[in-house]
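Me: I'm new to this one and would like to know what the labels rest on. Can you show it to me and take my questions?

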Amino acid sequence: MKNFRLINGTEIPAIGLGTWQTPDGETAVKAVSHAIKCGYRHVDAAAVYDNEKSVGEGIRKGLQEAGLKREELFVTSKVWNTERGYDRTMRAFEKTVGDLGLNYLDLYLIHWPANAKQFADWQKLNAETWRAMEELYKAGRIRSIGVSNFYAHHLEALMQGAEVMPMVNQIEFHPGFMQKEVVDFCHQHDILVEAWSPLGTGKMLSNETLLSVADKYGCSVAQLCVRWVLQNGVLPLPKSITPSRIEENLDVDGFTISDADMATINAMEYCGGSGLNADEVDF
Ligand code: A2P
């Protein structure tokens, strides 16, 4: 599998397994271990998904059964909104690595920006969370650090006071929801964009436009979406708990979407997904 390279030189496998909405327990263990055995080298987790112990067990099982070392897998997690600030972030990090059963993370993200709707001092709160991330990064506990669901103005404020620049921004990204402004900002600042819900939480799968384009390439709509994300220079994180789908979502090297078809998909109107606005959310 190909890699993206982060601004600090870290290589990050170009497709990762999403684990949001993956039920805790045996389902998560099986999904993650199956993914590793069938070729995934990148797992995207988060404390708030409430399944990190099982994801960790799936990682250990998958690595062992595939005969791989920990260093051969890229693992991401995220600090949840209730844990913002320096001290809480430090504690949240230790809880997450403990739950996952790891002693370092490849990438740690601020899950959502503190926003102006909830916090008069949102810039300061994000800066304090970031200071903890920087310290963990400098101490070698995290190989790269970034954010999630940040808009350009959240990033600009964070970068003003930062010593280490964010290397990744993970956002909702799928046909009909391309978030062009923030993607352009990230690409201009060498911040890798990752796509959560590249299938629009599954809502893309019955879209007529996508079905007809997929038909041309003899691929599934899920494969078309994953490939389309990659061809936009964004890293897809498709979630599945179904072995055949987990395999299918990684198998996207056999075709290239033409410029004309990219333009058609890029022009699609919003047609489902989560559609959350980071300035409006109150969680
Ligand atoms: P499941 O996990 O039951 O296999 P997203 O990554 O955009 O959040 O989408 C996840 C949703 O899409 C889940 O409901 C998942 O179902 C479904 N899904 C993932 N991959 C495929 C696929 N290749 N074909 C059909 N549905 C898929």
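Reply: Sure, let's start with the shell around the ligand: by class, it has six nonpolar, seven polar and three charged residues. Keep in mind that this is a predicted model, where local features need pLDDT of at least 70, side-chain atom pairs count only at pLDDT 80 or more, and totals for chains, interfaces and linings use all residues. Residues are numbered from 1 along each chain as its sequence is written, and side-chain values use heavy atoms, with hydrogens and water left out.

Me: What makes a residue polar in that count of the shell?

Reply: Ala, Val, Leu, Ile, Met, Phe, Trp, Tyr, Cys and Pro count as nonpolar, Asp, Glu, Lys and Arg as charged, and the others, Gly among them, as polar.

Me: Why is the pair between Ser197 and the ligand called a polar contact?

Reply: A polar side-chain atom of Ser197 lies 3.1 Å from an oxygen atom of the ligand. A polar contact is a pair of N or O atoms within 3.5 Å, so this pair qualifies. Backbone N or O atoms do likewise in Leu199, at 2.8 Å from a ligand oxygen, and in Gly202, at 3.4 Å.

Me: How do you know which helix gives the most to the shell?

Reply: Helix H9 (residues 243–250) gives three residues. Helices here are DSSP runs (H or I, at least four residues), numbered from the N terminus.

Me: What is the average confidence of the protein?

Reply: The average pLDDT, the predictor's confidence in each residue from 0 to 100, is 98, and 100% of the residues score at least 70.

Terms used: Polar contact = N/O pair within 3.5 Å; in protein donor to acceptor, adjacent residues only side chain to side chain. Helix = DSSP H or I, 4+ residues; strand = E, 2+ residues; numbered from the N terminus.
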